[in-house]
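Colleague: Before we discuss any particulars, may I ask you to bring up the model, so that we can go through it together?

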Amino acid sequence: MAFHVLITDPLSEEGIQPLRQAENLEITIVTDLSKEALLQEVKYADALLVRSQTQVSRDVIEAASNLKIIGRAGVGVDNIDVEAATEHGIIVVNAPDGNTNSAAEHTIAMLTALARKIPQAFNSLKMGRWDRKTYIGVELKNKTLGVIGLGRIGAEVAARAKGQRMNVIAYDPFLTEEKAQKMGIGFGTVDDVLKVADFITVHTPLMKETRHLLNEEAFAKMKDGVQIINCARGGIIDEEALYDAIQSGKVAGAALDVFETEPFVDHPLLTLPQVIATPHLGASTVEAQESVAVDVSMDVVSFFNGEAVRNPVNLPSVSKEVLAKIAPFFTLAEKLGAFLSRLTDDVIEEVTIKYTGELANYDVRALTRNTVKGLLKRNLGSHVNDVNAKFLAERFDIKVNEHKTTTGKGFLNLITVEIVTANAIHHVSGTLLNGFGARIVKVDDYAVDVIPEGHLLFIKHKDQPGAIGRVGTLLAEKNINIATMQVGRSTIGGNAIMMLTVDNHVEQAELASLTELVDIYEVKAIDL
Ligand SMILES: NC(=O)C1=CN([C@@H]2O[C@H](COP(=O)(O)OP(=O)(O)OC[C@H]3O[C@@H](n4cnc5c(N)ncnc54)[C@H](O)[C@@H]3O)[C@@H](O)[C@H]2O)C=CC1
Ligand SMILES: O=C(O)C(=O)COP(=O)(O)O
C-alpha cells in the first residue's frame, strides 16, 4: 500500500528526492490552494508537507482523517496547530537546522542595507535621481546590536555582527553569563537590551509569550534613533506601535522580512521611507531550501518505514545513543500497559511506571508513553499512539507518574507498572532477559515467568488440590490447548494465581464457565 504525501507549498525538487525514491510513497504537489481546496485535498493525505504559507489550522487537521505526519520544511511551526495535531495523534516534524545560515545571512544583509539605506538609494536611482545627500547612513562599527532570542539564528547573527566590529548584547531565557562571556558578547535582561542597543534584532519563535514583545512600552524604553530588524516572525513586533514609533522619530528605521499577516499587497509600514522590507525571504536560498526539504523528506520516509524521526516537534526528541538503550524495551513497555488494562474493568485513576536498574540512567519518557499507549489501547484501539498517549491520559484524568531507581535487586533492568483504581491497586513487572527476550516476572504479589505474547489467561483461585486440574479439564473440553502454565501463591491454602498461555483467544462464554468452577475467583483473558 502506498502512502499519500501532499505538498502544498513550493519545496525544492532536489530536496524531495528521498520521497520520490521511496517505493511506498505517492506524491501530490499543489500550491496556492484556497482554504476550500486545501480542506478537500487533505482528506486523502497520509502526510502533509508545508512551508510557512499553508495554514494548517484545526479544521484542516480535522478534515484530514488519514493524516499521520505533518512536515514543516523550515523552523517556525506557528502556521501549524500543533496542539490539534497532537490531540489527533499526528506527529509534527520540522527542519530546525537547514536554514539557520540563510536566515542569519539575510538578517545581516538587512542590517547593513538598513544602516546604509541601500534599498531607498537604489529606488531613487531607478527613478532617475542621482541623490547623494538624502541617503547618508551610519556605520555599524562600535554600535551595539541587541539580539533578543539567542538560539541557532540569533547566535549566528551575533557572531557575524562581531565581525562587523559591533558590540553585541543579548537576552535569551537560556543564556547564562558564562556562555555570553565565551561568545564574547554582553548579557542582560530584555530591558537592558532595549536600553543600550542602537540596532535591535529579534530571533525568537512566535508564541503567546513573544507576541508583541516589541510593543509601545518596549519602544519607549529604547534609545532615540534605534533601528529595528525582524527576520523572525511577524507578530513579535506590534506593527501599529512600530508605525507610531517611526512616525514620532523614536525609531529611525526598520528592516522587516516578516509581517503579522502574510501575504499582503499593501502595508501601512511600507508607506514609510524609513522601512525596508523583503517578502519573507530569510530561508529563500537554493542551499537552505534543498537542505530543509531533504530533512523533512527523510523524516517522512523514516516515519512510514516505522523508524524514529529526527526532528519531532510534538514528541521529545531522543538522542541516537539513548534510543539504542531504550528501544529494545518499547514493546515490553506497551505490553505491560496492555496487560494491566485487561486485569481490571475499573476506571484507572493513576498509573506509575517505575524503572529500576540501568534503564533509570536514561531519558525514558518514550517508554512511559508506550506504557500509557498500551494501557489506553483496550478502549481506544488505534486512536491512541505515541503522539497523543499523554494527552489522552490527561483528558481521561489519568495521572501519569514516572519513577527511576538505578539500584535494584536481581534484574539488570526492570519496568514495573502500577495502576490505581477506586477499588484496587495492581502491578506488573517485566524485564528483558539477555538472549531470551521479554518476560513478565511479577503480577501483583506473585512471582511468575511468562513471555508477554499471544493469548494469556490470568486466574485467581484458592490454593486447594484440584483447582488446577479443573481448569485443565475444562479447557480441554473446550478444545483450548495450554501452551505454558505458571502457578503462584501467597500462603499455603490462601490466594493463588495461574498464568496460562493458550493457543487461541478465549471467548466470553468460556471465561464464564471457568469462573463458575469451584475455588476459582476471577478469570481474565489477556491477548497481547
Ligand atoms: N525569515 C525567515 O525566513 C525565517 C525565520 N525563522 C524564524 O526564526 C525563529 C528562530 O529560529 P531559530 O534560531 O532556528 O530557533 P531556535 O529555537 O534555535 O531559537 C529560538 C530562541 O528564542 C529563545 N526565546 C524563546 N522565548 C524567548 C523570549 N521570550 N525572549 C527571548 N528569547 C526567547 C529561545 O530560548 C531560543 O534560544 C524561528 O522560530 C522562526 O520563526 C527561521 C528561519 C527562517
Ligand atoms: O523556517 C522558517 O521559520 C521560515 O520562516 C522560513 O519560511 P519559508 O519556509 O521560507 O516559508
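**Questions on the predicted model**

Modeller: Please bear in mind throughout that this is a predicted model.

Colleague: How many helices and strands does the secondary structure of the protein come to?

Modeller: The protein has 528 residues, of which 41% are buried. Its secondary structure comes to 18 helices and 22 strands.

Colleague: Is the protein a compact globule or more spread out?

Modeller: Along the principal axes, the C-alpha atoms fill a box of roughly 110 × 50 × 40 Å. The globule rule gives 24 Å for 528 residues, and the radius of gyration of 30 Å is well over that value. The protein is therefore, relative to a compact globule, more spread out.

Colleague: Among contacts between residues at least 6 apart in sequence, what percentage join residues at least 24 apart?

Modeller: These contacts concern pairs of residues in the protein that are at least 6 apart in sequence. Of them, the share joining residues at least 24 apart is 64%.

Colleague: Which strands stand at the edges of the open sheet of seven strands?

Modeller: The sheet has parallel pairing and the order β8-β7-β6-β9-β10-β11-β12. Two of its strands have a single partner strand each, so one side of each is left without a neighbour in the sheet. The strands at the edges are β8 and β12.

Colleague: Which residue of β12 stands opposite Ala-254?

Modeller: β11 and β12 pair in the parallel sense over three bridges. The residue of β12 that stands opposite Ala-254 is Val-275.

Colleague: Is strand β7 largely enclosed or not, and how many of its residues are buried?

Modeller: Strand β7 covers residues 167-171. On one side, β7 pairs with β6 (residues 144-148) in the parallel sense over five bridges, and Thr-144 stands opposite Asn-167. β7 also pairs with β8 (residues 186-187), again in the parallel sense, over two bridges. The strand is largely enclosed by the rest of the structure because the number of its five residues that are buried is four.

Colleague: What handedness does the crossover from β7 to β8 have?

Modeller: β6, helix α7 (residues 152-163) and β7 make a right-handed β-α-β unit. From β7 the chain then crosses through helix α8 (residues 177-183) to β8. This β-α-β crossover is right-handed.

Colleague: At what angle to β7 does α7 run?

Modeller: Helix α7 lies across three strands, namely β6, β7 and β9 (199-202). Its angle to β7 is about 165°.

Colleague: Which residues does a cis peptide bond join?

Modeller: Omega of this bond is about -10°. The proline concerned lies in the loop between β11 (251-256) and β12 (275-277). The residues joined are Glu-262 and Pro-263.

Colleague: Is Asn-142 buried or exposed?

Modeller: Asn-142 is placed in the loop between α6 (118-126) and β6, and its phi is near 70°, a positive value in a residue other than glycine. A residue with 12 or fewer other C-beta atoms within 10 Å is exposed. Asn-142 has 10 of them, so this residue is exposed.

Colleague: What phi does Asp-444 have?

Modeller: Asp-444 is in the loop between β17 (437-443) and β18 (446-450). This residue has 18 C-beta neighbours inside 10 Å and therefore counts as partly exposed. Although Asp-444 is not a glycine, its phi is positive, at about 45°.

Colleague: Where does UniProt place the feature "domain: ACT"?

Modeller: The feature comes from an unreviewed UniProt entry. Over residues 456-528 the chain is 27% helix and 42% strand, with the end C-alpha atoms 8 Å apart. The record places the feature at residues 456-528.

Colleague: Is Met-498 buried or exposed?

Modeller: Met-498 is found in strand β21. Leaving out residues up to four places away in sequence, it touches Ile-459, His-461, Ile-468, Val-471, Met-485 and Val-487. A residue needs 20 or more other C-beta atoms within 10 Å to count as buried. Met-498 has 22, so this residue is buried.

Colleague: What separates the C-alpha atoms of Asn-495 and His-461?

Modeller: Asn-495 is in strand β21 (residues 495-502) and counts as partly exposed, with 16 C-beta neighbours inside 10 Å. Beyond its neighbours within four places in sequence, Asn-495 is in contact with Lys-460, Arg-489 and Ser-490. Asn-495 and His-461 are 34 residues apart along the chain, and their C-alpha atoms are separated by 6.1 Å.

Terms used:
Residues numbered from 1 in each chain as written. Chains lettered and ligands numbered in written order. Predicted model: local features only at pLDDT ≥ 70, side-chain atom pairs only at ≥ 80, totals over all residues. UniProt positions renumbered as here; feature names shortened; annotations may be inferred. Pairing = 2+ DSSP bridges. Right-handed = clockwise from strand over helix to strand, strands pointing away. Contact = placed C-beta atoms within 7 Å. Axes fitted to C-alpha atoms, helices over the stretch in contact; angles between N-to-C directions. Rg over C-alpha atoms; globule rule 2.2 N^0.38 Å.
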